[in-house]
Amino acid sequence: MSRSLKQDALTIVEESIRHVLPDNAVKEKLKELNLSRVVLVAIGKAAWRMAKAAKEVLKEKIEKGIVITKYGHSEGEIEGLEIYEAGHPVPDENTIRATERALEIVKDLSEEDTVLFLISGGGSSLFEKPKGSVTLKQLQNITDQLLKSGANIGQINAVRKHLSEVKGGRFAQKVFPARVVCLILSDVLFNRLDVIASGPAHPDLSTSEDALNVLEKYNVQVDENVLKELKDETPKILSNVESYIVADLKLACEKAVEVAERLGYNTAILTTSLECEAREAGFFVGSIAKELVLHDRPVKRPCALVLGGETVVRVKGKGKGGRNQELALAAALKIAGLDGVVVCSIGTDGTDGPTDAAGGVVDGKTVQRIKDSGFDPQAFLENNDSYNALKISNDLLITGPTGTNVNDLILILAK
Ligand SMILES: Nc1ncnc2c1ncn2[C@@H]1O[C@H](COP(=O)(O)OP(=O)(O)O)[C@@H](O)[C@H]1O
Ligand SMILES: O=C(O)[C@@H](CO)OP(=O)(O)O
Ligand SMILES: [Mg+2]
(Lines give C-alpha, C1' and ligand atoms only; values in the text may rest on other atoms or scores of the structure.)
(Ligands and ions follow the chains in the order given, each with its own letter.)
Protein backbone atom coordinates (compact mmCIF):
# COMPACT_ATOMS: atom_id res chain seq x y z
CA MET A 1 0.00 0.00 0.00
CA SER A 2 1.44 3.43 -0.91
CA ARG A 3 2.08 5.56 2.17
CA SER A 4 -0.04 8.67 2.56
CA LEU A 5 1.54 12.12 2.72
CA LYS A 6 0.24 12.41 6.28
CA GLN A 7 1.94 9.15 7.29
CA ASP A 8 5.20 10.35 5.73
CA ALA A 9 4.92 13.68 7.53
CA LEU A 10 4.48 11.85 10.85
CA THR A 11 7.46 9.57 10.10
CA ILE A 12 9.69 12.55 9.29
CA VAL A 13 8.61 14.39 12.44
CA GLU A 14 9.01 11.32 14.67
CA GLU A 15 12.53 10.50 13.46
CA SER A 16 13.62 14.17 13.58
CA ILE A 17 12.44 14.52 17.19
CA ARG A 18 14.14 11.25 18.16
CA HIS A 19 17.35 12.58 16.60
CA VAL A 20 17.40 15.65 18.85
CA LEU A 21 16.67 13.83 22.12
CA PRO A 22 19.42 15.18 24.37
CA ASP A 23 20.46 11.86 25.98
CA ASN A 24 23.30 10.76 23.69
CA ALA A 25 24.68 14.26 23.18
CA VAL A 26 24.83 14.80 26.96
CA LYS A 27 26.62 11.46 27.44
CA GLU A 28 29.15 12.16 24.66
CA LYS A 29 29.99 15.61 26.00
CA LEU A 30 30.34 14.38 29.60
CA LYS A 31 32.73 11.60 28.52
CA GLU A 32 34.88 14.33 26.94
CA LEU A 33 34.79 16.67 29.95
CA ASN A 34 35.74 14.20 32.68
CA LEU A 35 34.16 16.17 35.54
CA SER A 36 34.39 15.38 39.28
CA ARG A 37 32.90 16.76 42.54
CA VAL A 38 29.73 17.55 40.61
CA VAL A 39 26.57 19.22 41.88
CA LEU A 40 23.88 18.72 39.22
CA VAL A 41 21.10 21.23 38.50
CA ALA A 42 18.75 20.39 35.61
CA ILE A 43 16.00 22.83 34.55
CA GLY A 44 13.51 22.86 31.66
CA LYS A 45 11.15 20.54 29.81
CA ALA A 46 13.99 18.13 28.93
CA ALA A 47 15.61 18.29 32.37
CA TRP A 48 14.67 14.76 33.42
CA ARG A 49 16.18 13.06 30.34
CA MET A 50 19.32 15.18 30.48
CA ALA A 51 19.79 14.42 34.19
CA LYS A 52 19.20 10.70 33.66
CA ALA A 53 21.86 10.66 30.92
CA ALA A 54 24.31 12.58 33.10
CA LYS A 55 23.75 10.20 36.03
CA GLU A 56 24.48 7.19 33.79
CA VAL A 57 27.87 8.65 32.84
CA LEU A 58 29.00 10.41 36.03
CA LYS A 59 27.47 7.97 38.60
CA GLU A 60 28.93 8.70 42.07
CA LYS A 61 30.88 11.70 40.76
CA ILE A 62 27.54 13.50 41.18
CA GLU A 63 27.52 14.30 44.91
CA LYS A 64 23.97 15.75 44.92
CA GLY A 65 21.53 17.29 42.50
CA ILE A 66 18.06 18.51 41.58
CA VAL A 67 15.80 18.24 38.54
CA ILE A 68 13.11 20.90 37.97
CA THR A 69 10.79 20.14 35.07
CA LYS A 70 7.23 20.75 33.82
CA TYR A 71 4.27 18.84 35.28
CA GLY A 72 4.03 15.43 33.63
CA HIS A 73 7.61 15.52 32.31
CA SER A 74 9.33 13.54 35.08
CA GLU A 75 9.69 9.84 34.23
CA GLY A 76 10.39 8.68 37.79
CA GLU A 77 13.17 8.62 40.39
CA ILE A 78 16.84 9.13 39.52
CA GLU A 79 19.14 7.84 42.27
CA GLY A 80 20.67 10.65 44.32
CA LEU A 81 18.71 13.42 42.60
CA GLU A 82 15.70 15.37 43.92
CA ILE A 83 12.92 15.63 41.34
CA TYR A 84 10.50 18.60 41.25
CA GLU A 85 7.70 19.44 38.80
CA ALA A 86 6.45 23.00 38.46
CA GLY A 87 4.41 25.44 36.38
CA HIS A 88 4.97 26.28 32.72
CA PRO A 89 4.65 28.59 30.80
CA VAL A 90 3.68 30.56 33.93
CA PRO A 91 5.70 30.01 37.16
CA ASP A 92 3.87 28.78 40.28
CA GLU A 93 4.49 28.02 43.98
CA ASN A 94 6.32 24.82 43.07
CA THR A 95 8.68 26.83 40.86
CA ILE A 96 9.60 28.96 43.87
CA ARG A 97 9.91 25.97 46.22
CA ALA A 98 12.10 23.99 43.80
CA THR A 99 14.35 26.97 43.08
CA GLU A 100 14.84 27.68 46.79
CA ARG A 101 15.92 24.05 47.17
CA ALA A 102 18.31 24.36 44.22
CA LEU A 103 19.89 27.46 45.77
CA GLU A 104 20.34 25.56 49.06
CA ILE A 105 22.07 22.71 47.23
CA VAL A 106 24.60 25.02 45.55
CA LYS A 107 25.38 27.12 48.65
CA ASP A 108 28.97 27.42 49.97
CA LEU A 109 30.68 25.66 47.05
CA SER A 110 34.43 26.12 46.52
CA GLU A 111 36.56 26.53 43.40
CA GLU A 112 37.10 22.74 43.58
CA ASP A 113 33.40 22.13 42.89
CA THR A 114 31.61 21.99 39.52
CA VAL A 115 27.95 22.83 39.03
CA LEU A 116 26.75 20.77 36.04
CA PHE A 117 23.91 22.93 34.77
CA LEU A 118 21.60 21.07 32.33
CA ILE A 119 19.49 23.71 30.65
CA SER A 120 16.52 23.32 28.32
CA GLY A 121 13.61 25.54 27.26
CA GLY A 122 10.93 26.10 29.83
CA GLY A 123 13.58 26.98 32.39
CA SER A 124 12.41 30.58 32.65
CA SER A 125 9.12 29.51 34.16
CA LEU A 126 10.36 26.42 36.01
CA PHE A 127 13.44 27.92 37.72
CA GLU A 128 12.68 31.27 39.27
CA LYS A 129 13.23 33.44 42.34
CA PRO A 130 11.58 36.84 41.88
CA LYS A 131 13.96 39.76 42.46
CA GLY A 132 13.66 41.93 45.56
CA SER A 133 10.12 43.20 46.13
CA VAL A 134 8.62 41.46 43.08
CA THR A 135 5.97 38.95 44.16
CA LEU A 136 5.11 35.66 42.46
CA LYS A 137 1.64 37.03 41.74
CA GLN A 138 3.14 40.06 39.97
CA LEU A 139 5.49 37.83 38.00
CA GLN A 140 2.64 35.50 36.99
CA ASN A 141 0.59 38.46 35.77
CA ILE A 142 3.50 39.97 33.78
CA THR A 143 4.36 36.55 32.25
CA ASP A 144 0.74 36.03 31.20
CA GLN A 145 0.55 39.50 29.60
CA LEU A 146 3.86 38.96 27.75
CA LEU A 147 2.92 35.48 26.47
CA LYS A 148 -0.29 36.86 24.93
CA SER A 149 1.27 40.08 23.66
CA GLY A 150 2.94 38.75 20.51
CA ALA A 151 6.40 39.56 21.92
CA ASN A 152 9.08 37.07 20.88
CA ILE A 153 11.05 35.03 23.40
CA GLY A 154 14.04 37.38 23.30
CA GLN A 155 11.77 40.28 24.26
CA ILE A 156 9.89 38.26 26.89
CA ASN A 157 13.12 37.11 28.48
CA ALA A 158 14.69 40.58 28.49
CA VAL A 159 11.96 41.44 31.00
CA ARG A 160 12.12 38.15 32.95
CA LYS A 161 15.91 38.39 33.36
CA HIS A 162 15.62 41.79 35.00
CA LEU A 163 12.96 40.61 37.46
CA SER A 164 14.84 37.54 38.67
CA GLU A 165 17.47 36.64 41.29
CA VAL A 166 18.64 33.67 39.20
CA LYS A 167 18.42 34.71 35.52
CA GLY A 168 20.57 36.83 33.25
CA GLY A 169 23.77 35.31 34.67
CA ARG A 170 22.82 35.88 38.31
CA PHE A 171 22.77 32.12 39.11
CA ALA A 172 26.40 31.80 37.98
CA GLN A 173 27.29 34.77 40.20
CA LYS A 174 25.61 33.06 43.18
CA VAL A 175 27.66 29.86 42.86
CA PHE A 176 31.02 31.60 42.32
CA PRO A 177 33.84 30.52 42.87
CA ALA A 178 32.52 27.09 41.80
CA ARG A 179 32.87 26.39 38.08
CA VAL A 180 29.61 26.15 36.08
CA VAL A 181 29.51 23.76 33.10
CA CYS A 182 26.31 24.25 31.08
CA LEU A 183 24.97 21.65 28.63
CA ILE A 184 22.19 23.34 26.71
CA LEU A 185 19.34 22.06 24.55
CA SER A 186 18.55 25.13 22.47
CA ASP A 187 14.95 26.17 21.88
CA VAL A 188 15.85 29.71 20.88
CA LEU A 189 16.58 30.81 17.34
CA PHE A 190 20.28 31.45 16.65
CA ASN A 191 21.03 29.57 19.89
CA ARG A 192 21.30 32.82 21.90
CA LEU A 193 22.73 31.50 25.19
CA ASP A 194 21.55 34.53 27.14
CA VAL A 195 17.94 33.91 26.02
CA ILE A 196 17.59 30.13 26.47
CA ALA A 197 15.77 29.72 29.79
CA SER A 198 16.61 33.43 30.31
CA GLY A 199 20.32 32.67 30.49
CA PRO A 200 20.77 31.89 34.21
CA ALA A 201 24.50 31.31 33.67
CA HIS A 202 25.31 33.63 30.79
CA PRO A 203 26.23 37.31 30.60
CA ASP A 204 23.04 39.17 29.71
CA LEU A 205 23.07 40.83 26.28
CA SER A 206 19.83 42.62 27.09
CA THR A 207 19.64 45.76 29.21
CA SER A 208 17.17 47.32 31.62
CA GLU A 209 16.33 49.78 28.87
CA ASP A 210 15.50 46.89 26.50
CA ALA A 211 13.20 45.45 29.16
CA LEU A 212 11.45 48.78 29.72
CA ASN A 213 11.05 49.21 25.94
CA VAL A 214 9.36 45.79 25.69
CA LEU A 215 6.85 46.73 28.40
CA GLU A 216 6.06 49.94 26.54
CA LYS A 217 5.94 48.39 23.03
CA TYR A 218 3.51 45.64 24.10
CA ASN A 219 1.59 47.80 26.59
CA VAL A 220 2.38 45.49 29.52
CA GLN A 221 1.04 46.94 32.77
CA VAL A 222 3.35 46.68 35.82
CA ASP A 223 3.36 48.11 39.37
CA GLU A 224 5.76 50.83 40.54
CA ASN A 225 7.91 48.42 42.58
CA VAL A 226 8.44 46.24 39.47
CA LEU A 227 9.63 49.21 37.42
CA LYS A 228 12.12 49.99 40.18
CA GLU A 229 13.49 46.42 40.26
CA LEU A 230 13.82 46.43 36.44
CA LYS A 231 16.33 49.27 36.65
CA ASP A 232 19.04 47.12 38.31
CA GLU A 233 21.35 45.95 35.50
CA THR A 234 22.16 42.25 35.05
CA PRO A 235 25.78 41.02 34.92
CA LYS A 236 27.59 41.49 31.62
CA ILE A 237 30.78 39.55 32.50
CA LEU A 238 31.10 36.10 34.12
CA SER A 239 34.39 34.30 34.79
CA ASN A 240 33.26 30.88 36.00
CA VAL A 241 31.10 29.51 33.17
CA GLU A 242 31.55 27.32 30.07
CA SER A 243 28.58 26.38 27.86
CA TYR A 244 27.95 23.71 25.22
CA ILE A 245 24.90 23.32 22.94
CA VAL A 246 23.92 19.62 22.79
CA ALA A 247 21.13 19.85 20.19
CA ASP A 248 19.14 22.49 18.33
CA LEU A 249 16.59 23.21 15.59
CA LYS A 250 19.16 23.13 12.79
CA LEU A 251 19.96 19.50 13.70
CA ALA A 252 16.23 18.62 13.64
CA CYS A 253 15.70 20.27 10.22
CA GLU A 254 18.72 18.51 8.72
CA LYS A 255 17.44 15.16 10.00
CA ALA A 256 13.99 15.90 8.55
CA VAL A 257 15.62 16.37 5.12
CA GLU A 258 17.59 13.13 5.47
CA VAL A 259 14.45 11.12 6.35
CA ALA A 260 12.39 12.76 3.58
CA GLU A 261 15.07 11.93 1.00
CA ARG A 262 15.09 8.31 2.22
CA LEU A 263 11.31 8.27 1.62
CA GLY A 264 11.88 9.41 -1.95
CA TYR A 265 11.18 13.16 -1.73
CA ASN A 266 13.11 16.00 -3.32
CA THR A 267 13.89 18.36 -0.44
CA ALA A 268 14.89 21.85 0.63
CA ILE A 269 15.24 23.65 3.96
CA LEU A 270 13.54 27.01 3.41
CA THR A 271 14.59 28.49 6.77
CA THR A 272 15.60 27.57 10.32
CA SER A 273 14.68 31.01 11.67
CA LEU A 274 11.00 31.54 10.87
CA GLU A 275 9.91 34.35 13.20
CA CYS A 276 6.62 36.15 12.58
CA GLU A 277 2.91 36.01 13.49
CA ALA A 278 1.82 32.34 13.31
CA ARG A 279 -1.16 32.96 11.05
CA GLU A 280 0.95 35.00 8.59
CA ALA A 281 3.47 32.16 8.52
CA GLY A 282 0.59 29.77 7.85
CA PHE A 283 -0.72 31.85 4.96
CA PHE A 284 2.81 32.04 3.49
CA VAL A 285 3.40 28.28 3.92
CA GLY A 286 -0.02 27.68 2.36
CA SER A 287 0.92 29.82 -0.63
CA ILE A 288 4.13 27.81 -1.15
CA ALA A 289 2.07 24.60 -0.98
CA LYS A 290 -0.22 26.03 -3.66
CA GLU A 291 2.80 26.86 -5.88
CA LEU A 292 3.99 23.26 -5.59
CA VAL A 293 0.62 21.81 -6.60
CA LEU A 294 -0.25 24.32 -9.34
CA HIS A 295 3.21 24.93 -10.84
CA ASP A 296 5.48 22.14 -9.53
CA ARG A 297 7.94 24.69 -8.09
CA PRO A 298 10.10 25.83 -6.19
CA VAL A 299 11.06 22.11 -5.96
CA LYS A 300 9.90 19.33 -8.28
CA ARG A 301 7.37 16.97 -6.72
CA PRO A 302 7.36 14.59 -4.92
CA CYS A 303 8.88 17.11 -2.52
CA ALA A 304 9.25 17.84 1.16
CA LEU A 305 10.02 21.42 2.17
CA VAL A 306 11.28 21.98 5.74
CA LEU A 307 11.01 25.14 7.84
CA GLY A 308 12.13 25.67 11.42
CA GLY A 309 11.48 28.55 13.78
CA GLU A 310 9.30 29.97 16.49
CA THR A 311 6.33 32.09 15.42
CA VAL A 312 4.32 34.29 17.78
CA VAL A 313 0.62 34.70 18.44
CA ARG A 314 -1.06 37.91 19.57
CA VAL A 315 -3.88 36.19 21.49
CA LYS A 316 -7.02 38.36 21.27
CA GLY A 317 -9.70 35.67 21.13
CA LYS A 318 -11.15 33.44 23.81
CA GLY A 319 -10.26 30.18 22.11
CA LYS A 320 -7.75 27.41 22.77
CA GLY A 321 -4.63 26.74 20.72
CA GLY A 322 -0.94 27.20 20.13
CA ARG A 323 1.28 28.80 17.50
CA ASN A 324 1.73 25.53 15.54
CA GLN A 325 -1.99 24.77 15.54
CA GLU A 326 -2.72 28.35 14.47
CA LEU A 327 -0.12 28.14 11.65
CA ALA A 328 -1.63 24.83 10.46
CA LEU A 329 -5.20 26.21 10.46
CA ALA A 330 -4.11 29.30 8.50
CA ALA A 331 -2.30 27.08 5.97
CA ALA A 332 -5.43 24.89 5.69
CA LEU A 333 -7.44 27.95 4.64
CA LYS A 334 -4.95 28.56 1.82
CA ILE A 335 -4.74 24.97 0.50
CA ALA A 336 -8.50 24.27 0.69
CA GLY A 337 -9.59 22.20 -2.32
CA LEU A 338 -6.08 21.12 -3.38
CA ASP A 339 -5.13 17.44 -3.67
CA GLY A 340 -1.72 15.89 -3.04
CA VAL A 341 -0.47 18.31 -0.38
CA VAL A 342 -0.07 18.26 3.41
CA VAL A 343 1.20 20.90 5.87
CA CYS A 344 2.44 19.79 9.29
CA SER A 345 3.48 22.12 12.11
CA ILE A 346 4.69 20.78 15.46
CA GLY A 347 6.22 22.06 18.70
CA THR A 348 9.14 19.64 19.17
CA ASP A 349 8.58 19.54 22.96
CA GLY A 350 5.20 17.90 22.34
CA THR A 351 3.07 20.70 23.79
CA ASP A 352 1.77 23.56 21.66
CA GLY A 353 0.29 26.37 23.73
CA PRO A 354 -1.76 25.54 26.83
CA THR A 355 -3.15 22.39 25.13
CA ASP A 356 -2.44 18.63 25.02
CA ALA A 357 -1.66 18.89 21.30
CA ALA A 358 1.82 19.21 19.82
CA GLY A 359 0.54 20.84 16.64
CA GLY A 360 -1.50 19.97 13.53
CA VAL A 361 -1.31 18.14 10.18
CA VAL A 362 -3.71 19.63 7.59
CA ASP A 363 -4.59 18.88 3.95
CA GLY A 364 -6.78 20.22 1.14
CA LYS A 365 -9.92 18.81 2.75
CA THR A 366 -9.42 20.16 6.30
CA VAL A 367 -11.53 23.25 5.66
CA GLN A 368 -14.32 21.19 4.09
CA ARG A 369 -14.39 18.82 7.07
CA ILE A 370 -14.85 21.79 9.42
CA LYS A 371 -17.58 23.26 7.18
CA ASP A 372 -19.33 19.86 6.87
CA SER A 373 -19.61 19.90 10.66
CA GLY A 374 -21.47 23.21 10.43
CA PHE A 375 -18.65 25.51 11.50
CA ASP A 376 -16.73 28.40 9.93
CA PRO A 377 -12.94 27.74 9.96
CA GLN A 378 -12.15 31.45 9.61
CA ALA A 379 -14.14 32.18 12.79
CA PHE A 380 -11.99 29.67 14.72
CA LEU A 381 -8.86 31.47 13.53
CA GLU A 382 -10.26 34.87 14.52
CA ASN A 383 -11.01 33.53 17.99
CA ASN A 384 -7.55 31.93 18.43
CA ASP A 385 -9.42 28.63 18.64
CA SER A 386 -7.24 26.48 16.36
CA TYR A 387 -7.31 23.53 18.78
CA ASN A 388 -11.07 23.11 18.45
CA ALA A 389 -11.00 23.67 14.68
CA LEU A 390 -8.40 20.94 14.12
CA LYS A 391 -10.17 18.69 16.64
CA ILE A 392 -13.29 18.84 14.44
CA SER A 393 -11.28 18.08 11.28
CA ASN A 394 -9.35 15.34 13.11
CA ASP A 395 -6.03 17.02 12.27
CA LEU A 396 -4.58 17.53 15.76
CA LEU A 397 -1.12 16.05 16.29
CA ILE A 398 -0.88 14.60 19.82
CA THR A 399 2.46 13.17 20.98
CA GLY A 400 2.66 13.86 24.72
CA PRO A 401 5.90 15.29 26.16
CA THR A 402 8.70 14.27 23.76
CA GLY A 403 11.71 14.67 26.07
CA THR A 404 13.29 17.28 23.83
CA ASN A 405 12.61 20.95 23.01
CA VAL A 406 14.17 22.60 19.97
CA ASN A 407 11.45 25.01 18.79
CA ASP A 408 8.97 24.29 16.01
CA LEU A 409 9.25 22.15 12.85
CA ILE A 410 7.08 22.78 9.79
CA LEU A 411 6.79 20.45 6.76
CA ILE A 412 5.13 20.94 3.38
CA LEU A 413 4.77 17.61 1.54
CA ALA A 414 3.44 17.41 -2.02
CA LYS A 415 3.30 14.69 -4.70
N1 LIG B 1 -5.48 30.28 22.12
C2 LIG B 1 -4.21 30.35 21.64
N3 LIG B 1 -4.01 30.26 20.31
C4 LIG B 1 -2.75 30.34 19.80
N5 LIG B 1 -1.64 30.48 20.56
C6 LIG B 1 -1.81 30.58 21.89
C7 LIG B 1 -3.08 30.51 22.51
N8 LIG B 1 -2.92 30.62 23.85
C9 LIG B 1 -1.59 30.76 24.07
N10 LIG B 1 -0.93 30.74 22.89
C11 LIG B 1 0.51 30.86 22.67
O12 LIG B 1 1.17 29.75 23.29
C13 LIG B 1 2.45 30.22 23.74
C14 LIG B 1 2.95 29.33 24.88
O15 LIG B 1 2.88 28.03 24.36
P16 LIG B 1 4.07 26.98 24.58
O17 LIG B 1 3.95 25.93 23.54
O18 LIG B 1 4.08 26.62 26.01
O19 LIG B 1 5.35 27.85 24.22
P20 LIG B 1 6.84 27.30 24.40
O21 LIG B 1 6.91 25.96 23.74
O22 LIG B 1 7.68 28.33 23.72
O23 LIG B 1 7.05 27.22 25.86
C24 LIG B 1 2.24 31.63 24.18
O25 LIG B 1 3.42 32.37 23.87
C26 LIG B 1 1.06 32.11 23.35
O27 LIG B 1 1.49 33.00 22.36
O1 LIG C 1 12.30 29.01 29.16
C2 LIG C 1 12.38 29.88 28.26
O3 LIG C 1 12.78 31.04 28.44
C4 LIG C 1 11.97 29.55 26.84
C5 LIG C 1 13.17 29.68 25.91
O6 LIG C 1 14.21 28.84 26.34
O7 LIG C 1 11.46 28.23 26.75
P8 LIG C 1 9.88 28.04 26.49
O9 LIG C 1 9.57 28.97 25.35
O10 LIG C 1 9.75 26.60 26.16
O11 LIG C 1 9.18 28.45 27.73
MG1 LIG D 1 9.50 28.68 23.50
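**Reading helix α7 and the two domains**

Mentor: In this predicted model, helix α7 (residues 153-161) is mostly covered, with 7 of its 9 residues buried.

Trainee: What makes a residue of α7, such as Ile156, count as buried?

Mentor: Buried means under 20% relative accessible area. Ile156 is listed as buried, so its value falls under 20%. The list also holds Gln155, Asn157, Ala158, Val159, Arg160 and Lys161.

Trainee: What covers the buried residues of α7?

Mentor: The cover includes α5 (123-126), α6 (136-149), α8 (170-175), α9 (208-217) and α10 (224-230).

Trainee: Why is the pair of asparagine 152 and glycine 154 at the start of α7 called a polar contact?

Mentor: A side-chain oxygen of asparagine 152 comes within 2.9 Å of the backbone nitrogen of glycine 154. The cut-off for a pair of N or O atoms is 3.5 Å, so the pair qualifies.

Trainee: How is the protein divided into domains?

Mentor: Domain 1 takes 2-16 + 250-414, and domain 2 takes 21-247. Their contact involves 20 residues from domain 1 and 24 residues from domain 2. About 1700 Å² is buried between these domains, and carbon and sulfur atoms give 56% of that area.

Trainee: Why is the meeting of aspartate 349 and lysine 45 called a salt bridge?

Mentor: Their side chains meet at 2.4 Å, N to O. The limit is 4 Å between a Lys or Arg side-chain nitrogen and an Asp or Glu carboxyl oxygen, so the name applies. Between domain 1 and domain 2 the count is 1 salt bridge, along with 6 residue pairs in polar contact, both at pLDDT 80 or more.

Methods
Residues numbered from 1 in each chain as written. Chains lettered and ligands numbered in written order. Predicted model: local features only at pLDDT ≥ 70, side-chain atom pairs only at ≥ 80, totals over all residues. Heavy atoms only, no water. Domains from an automatic or database assignment. Contact = heavy atoms within 4.5 Å. Buried area = accessible area lost by both parts, 1.4 Å probe. Polar contact = N/O pair within 3.5 Å; in protein donor to acceptor, adjacent residues only side chain to side chain. Buried < 20%, exposed > 50% of the residue type's maximum accessible area, 1.4 Å probe, protein only. Helix = DSSP H or I, 4+ residues; strand = E, 2+ residues; numbered from the N terminus.
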